[in-house]
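Reader: I am new to this structure and would like to understand the words used for it. Could you take me through them with me asking as we go?

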Amino acid sequence: MDELLCIDKMAATSAASFSAGSTVAFGTKASQLPQSKPSALRFKSQKSLATFSGLKAATFVKCVSESSFLGKESSAALRGSVVPKAQKSSQKSQYHVNPLASYKVAILGAAGGIGQPLALLVKMSPLVSALHLYDIANVKGVAADISHCNTPAQVLDFTGASELPNSLKGVDVVVIPAGVPRKPGMTRDDLFNINASIVKNLVEAVADNCPDAFIHIISNPVNSTVPIAAEILKKKGVYDPKKLFGVTTLDVVRANTFVAQKKNLKLIDVDVPVVGGHAGITILPLLSKTNPSVSFTDEEVQELTVRIQNAGTEVGEERAGAGSATLSMAYAAARFVESSLRALDGDADVYECSYVQSDLTELPFFASRVKLGRKGVEAFISSDLQGLTTFEQEALEALKPELKASIEKGIASAQKQPVGA
Ligand SMILES: NC(=O)c1ccc[n+]([C@@H]2O[C@H](COP(=O)([O-])OP(=O)(O)OC[C@H]3O[C@@H](n4cnc5c(N)ncnc54)[C@H](O)[C@@H]3O)[C@@H](O)[C@H]2O)c1
């Protein structure tokens, strides 16, 4: 049976907390969960990190936070949104960056609008020993530029299909922002044909060269590109649903920011789960589950929901046609990479929203909060979908037909195509 996470029911005290039965392990119904303490409570590693710390100048730093560029507060806020208060105090600072951590990350599409700032942010992570930058063009200069930053990760560049296999050898996390971005007037579905074949080719190479890696899909339309990737991996016989992720972190980042602004809250403290998918009305921020608990008028819920759903268009319009969201996307993707690396490194308190294979609803893929562990998705935070407001419940039902159609479109497209040897 899959590894399980269960939170001690007695300790579940905070408003945003979840109790036993509210996390669902991969392929396991809530009622089958055993009662046990979270492994986080037993995690005792106490090591200092004699290396750099995020953006600070290099020095010998006793690393008391979970991570690097995300910073202590951000990580704590993330954890705080799902870990009950009683556990928070006992878990504080229990995960420390392992000084021997040595993960390889590949970015496919690294010379693009998202790829470049993402590469820079990943280069700042002390958990990364090697950063492989792949693109079909213009990646040498990007790699040369980033390689001058005196952080531990070694940067290597790879150009063109002939160098793709080497860019993936031994890699732990593959991030895919390759493709074309949405232009004004273009729907996410318009991107489908171009990006579907790019994702297909890249995922085939991942299957051949690093089948055990976590795969982060950024290329839009994520609602379809993730099912495409799943089909390709199945055809290659290496599909592990726990390790394939659609990156929806930007929706969460935007929701957190907009709610904090609206409610005059400290930005770093706010966490809003966003479920469903990653396009238009399929993006469903669960404002009633905001941590810390905040109340909204009906008008605020309506306005915030629409703003979060259309935030990409907002950026596109402000850029006046010269690009879409790239910098905030890079930040969001870097946060998801960092969370994945922390999970791989044994941090038992890593929770993120992601669009993954799921049985939380009748849809085969669905974005929700998940717990990440060494093997990928360890559990779903099913409690987020319980006790929804009428607005959220109706929005959830309304998004399902569109999300279902996008999933089916992706699966049908992948099934039609022959898989490369
Ligand atoms: N998931 C999200 O939240 C989110 C947010 C914003 C954008 N996106 C999507 O991310 C993708 C990239 O956006 P961008 O603004 O960086 O675009 P961009 O055009 O600036 O960069 C794309 C890069 O991909 C490269 N590329 C194209 N085909 C490739 C291939 N076969 N192999 C490797 N690299 C290839 C290009 O050379 C380019 O460098 C788009 O699909 C966009 O819609 C997703």
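Reader: In which sense do strand β10 (residues 350-357) and β11 pair, and over how many bridges?

Author: Good place to begin! Strands β10 and β11 pair in the antiparallel sense over eight bridges. Two strands count as paired if DSSP finds at least two bridges between them. One bridge here links Phe366 in β11 with its partner Val356. Before going on, please note that this is a predicted model, where local features need pLDDT of at least 70 and side-chain atom pairs count only at pLDDT 80 or more, while totals for chains, interfaces and linings use all residues. Residues are numbered from 1 along each chain as its sequence is written.

Reader: What makes something a helix or a strand, and how many of each are in the protein?

Author: Both are DSSP runs, numbered from the N terminus: helices are H or I runs of at least four residues, and strands are E runs of at least two. By that rule the protein has 12 helices and 12 strands.

Reader: What other strand pairs with β11?

Author: Strand β12 (residues 376-381) does, in the antiparallel sense and over four bridges. Lys371 stands opposite Ala379 in β12. With two residues between them, β11 and β12 form a hairpin.

Reader: Why is strand β11 called largely enclosed?

Author: A residue is buried if 20 or more other C-beta atoms, placed from the backbone, lie within 10 Å of its own; it is exposed if that number is 12 or fewer, and partly exposed in between. Nine of the nine residues of β11 (residues 365-373) are buried, so the strand is largely enclosed by the rest of the structure. For the protein, buried residues make up 52% of the 421 residues.

Reader: How do you know that the length of helix α11 agrees with what is expected?

Author: The expected span is 1.5 Å times one less than the number of residues. Helix α11 (residues 327-344) has 18 residues and should therefore span 26 Å, and the 25 Å between its end C-alpha atoms agrees with that. This helix is mostly covered, with 15 of its 18 residues buried. Just after α11 comes Gly346, with a positive phi of about 105°.

Reader: What does α6 reach from its first C-alpha to its last, and what does it pack against?

Author: Helix α6 has 18 residues and reaches 25 Å, close to the 26 Å expected. Its buried residues include Phe192, Leu202 and Val206. The buried residues of α6 pack against several elements, among them β2 (103-108), β6 (214-217) and α12 (390-416).

Reader: Which residues come nearest to the ligand, and what does "near" ask for?

Author: A residue is near a molecule if its C-beta atom, placed from the backbone, lies within 6 Å of it. Of the 32 residues around the ligand, Gly109, Gly112, Gly113, Ala178 and Asn220 come nearest. Helix α6 (residues 192-209) gives the largest share of this shell, four residues. The shell also draws at least three residues from each of domain 1 (5-9 + 101-245) and domain 2 (249-405), with bounds that come from an automatic or database domain assignment.

Reader: How many residues of each class does the shell have?

Author: There are 18 nonpolar, 12 polar and two charged residues. Here Ala, Val, Leu, Ile, Met, Phe, Trp, Tyr, Cys and Pro count as nonpolar, Asp, Glu, Lys and Arg as charged, and the others, Gly among them, as polar.

Reader: What makes the peptide bond from Asn220 to Pro221 worth a look?

Author: The bond is cis, with omega near -5°. Most residues other than glycine have a negative phi, and most peptide bonds are trans. Pro221 lies in the loop between β6 and α7. Another cis bond runs from Asn291 to Pro292, with omega near 0°.

Reader: Why is Asn138 called partly exposed, and Asn264 exposed?

Author: Asn138 has 14 C-beta neighbours inside 10 Å, so it counts as partly exposed. Asn264 has 6 other C-beta atoms within 10 Å and is therefore exposed. Asn138 has a positive phi of about 60° although it is not a glycine, and phi of Asn264 is near 55°, also positive.

Reader: What makes Ser293 exposed?

Author: Ser293 has 10 C-beta neighbours inside 10 Å, so it counts as exposed. Its place is in the loop between β9 and α9.

Note on methods: Contact = placed C-beta atoms within 7 Å.
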